[in-house]
Amino acid sequence: MKKIIILFSIILLVMLAGCGNPTPQKPGEATQTSAGEKGEKKITIAGNGGVIESAIRDVIAPKFKEETGITVNYISGLSGEILSKVELQKNSPQIDIALFVPVDVIRAQEKGLIDTVDESNVPNMKSVDSRFIPIEKAAAPVFGLVIAPAYNTETFKKKGLKSIESWNDLVSPDYEGKTAFSDITNDWGFNTLNGLAISNGGSTDDMEPGLEKAKDLAGYSNTFYKNSTQMMPAIQQGAADVTVMGSYSIGELAVSGVPIKMAVPKEGVPLQAFNASLVKNTPNNEEALEFINYLISEEAQSLISEKGFYPTVEGMEISEKFEESIGLKETDKTFKPDFAKFAEIRAEVSDRWAKEVTPELGKKLK
């Protein structure tokens, strides 16, 4: 009897060993092997959360899989955070496509973290509006936008305030501290500073006039917000009547019922996009390029416009439901910022903002 029990135990151990995990794989290997065995292709894209994430997860990725059989996984995060991840993983990429703001496209290219994207490997690039391209052969502009002032139309009408016609109009005691401006560490804040510089005789090469005007902006503001997740509730709940945001966020607020409208200052608004970059050394190069090409197809851009983004393909228009709140007229002035200069001066200017501008918060409020 004892021998039978021992024999049974040995058989059981052998069976359990056969069901155990295989030899550990290097990062990325297990997924590729599993996908290969099942005949399944997968790519991973990293980009902003919120409306961009929902556009890809809920609308674009399912359509793409239906047409190609390729599954798209999504990792959400801010552009700068994604750049750091790509750099940390450069010897064993876990991300195939990174969605970057223009300055981070330039940084990624300078660090050698992304591969070429142009008409030779992404045919639909031939139809892209060049005004959205941050730097040649580095990325495909996918989610078009401007960064612009916006205001609560009901409050302005009730108080008899004039609409915003200049970046300088953001500085006013009439707003009584009910503002939602971003800190300079956010792209919205940096573009606000650039707008103030241009409006006061400066430029991206000369931010001094902008920094001086930003001190007044701070004086009539209670705080500078860190990101959109803080700013949008302030607008929704009536804590702020004046802001500077990405046009897609203004549009999202408007269609949700908030009485908000984008203003295009006479000095113009910066035209730009979230850009799809091909991560260098990705093992899924072919599939990633196919997805980038799809993102700038007329089909995908039509879907993207329904989320409040300007199509980056020439000849296409934003969805009609956003025309009233964020539609751009032919007479509206737009410009393409010098993103390379942005990248060059950002650290220095951000340091000065923290030391000279932020301490002025609230000093002019009654």
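The following dialogue examines how the descriptive terms applied to this predicted model are justified.

Trainee: What does the chain contain in terms of helices and strands, and how much of the chain is buried?

Mentor: The chain holds 14 helices and 11 strands. Of its 366 residues, 50% are buried. Among contacts between residues at least 6 apart in sequence, 75% join residues at least 24 apart.

Trainee: Why is Ser305 called buried?

Mentor: The relative accessible area of Ser305 is 4%. Buried means under 20%, so the value of 4% places Ser305 in that class. Ser305 belongs to helix α12, residues 298-305.

Trainee: Which residues are in contact with Ser305, its neighbours within four places in sequence being left aside?

Mentor: Ser305 is in contact with Pro311, Glu317, Ile318, Ser319 and Phe322. Contact here requires heavy atoms within 4.5 Å.

Trainee: Why is Gly257 called exposed?

Mentor: Gly257 has a relative accessible area of 60%. The term exposed applies over 50%, and therefore Gly257 qualifies with its 60%. Gly257 sits in the loop between α10 (247-255) and β9 (260-262). Its C-alpha lies 9.0 Å from that of Gln236, although the two residues are 21 apart in sequence.

Trainee: What makes Lys213 partly exposed?

Mentor: The relative accessible area of Lys213 is 22%. Partly exposed covers the range between the 20% and 50% limits, so 22% falls within this class. Lys213 is part of helix α8, residues 208-219.

Trainee: Which residues does Lys213 contact beyond its neighbours within four places in sequence?

Mentor: Lys213 is in contact with Asn168, Val171, Leu196 and Asn200. Lys213 and Leu196 are 17 residues apart in sequence, while their C-alpha atoms are 6.6 Å apart.

Trainee: Why is strand β1 described as largely enclosed by the rest of the structure?

Mentor: Strand β1 comprises residues 41-47, and 5 of these 7 residues are buried, so β1 is largely enclosed.

Trainee: How do you know that β1 pairs with strands β2 and β3?

Mentor: Pairing requires at least two bridges between the strands. β1 and β2 (residues 70-76) have 7 bridges, in the parallel sense, and β1 and β3 (residues 97-100) have 2, also in the parallel sense. Both counts therefore satisfy the criterion. Ile45 stands opposite Tyr74 in β2 and opposite Ile97 in β3.

Trainee: Which elements make a β-α-β unit with β1, and what is its handedness?

Mentor: β1, helix α3 (residues 51-68) and β2 make this unit, which is right-handed.

Trainee: What makes helix α11 mostly covered?

Mentor: Of the 11 residues in α11 (residues 285-295), 8 are buried. Among them are Glu287, Phe291, Asn293 and Leu295.

Trainee: What lines the largest pocket, and how much space lies in it?

Mentor: About 790 Å³ of space lies in the largest pocket. Its lining has 35 residues, and Asn48, Leu78, Asn186, Ser228 and Tyr248 lie nearest its centre. The lining divides into 14 nonpolar, 15 polar and 6 charged residues.

Trainee: How much space lies in the second largest pocket?

Mentor: The second largest pocket holds about 450 Å³ of space. It is lined by 20 residues, the closest to its centre being Asp129, Arg131, Met316, Glu317 and Leu328. Its lining comprises 8 nonpolar, 4 polar and 8 charged residues.

Terms used: Residues are numbered from 1 along each chain as its sequence is written. This is a predicted model: local features need pLDDT of at least 70, side-chain atom pairs count only at pLDDT 80 or more; totals for chains, interfaces and linings use all residues. Side-chain values use heavy atoms; hydrogens and water are left out. On a 1 Å grid over the protein atoms alone, a cavity is a set of points where a 1.4 Å probe fits but cannot get out, and a pocket is an open set with protein on both sides within 12 Å along at least five of seven lines; lining residues have an atom within 4 Å of a point. Grid points are joined across faces, edges and corners, and a volume is the space filled by probe spheres set on the points. Ala, Val, Leu, Ile, Met, Phe, Trp, Tyr, Cys and Pro count as nonpolar, Asp, Glu, Lys and Arg as charged, and the others, Gly among them, as polar. Buried means under 20% relative accessible area, exposed over 50%, partly exposed in between (1.4 Å probe, protein chains only). Helices (H or I, at least four residues) and strands (E, at least two) are DSSP runs, numbered from the N terminus. A crossover is right-handed if, with the strands pointing away from the viewer, the path from the first strand over the helix to the second runs clockwise.
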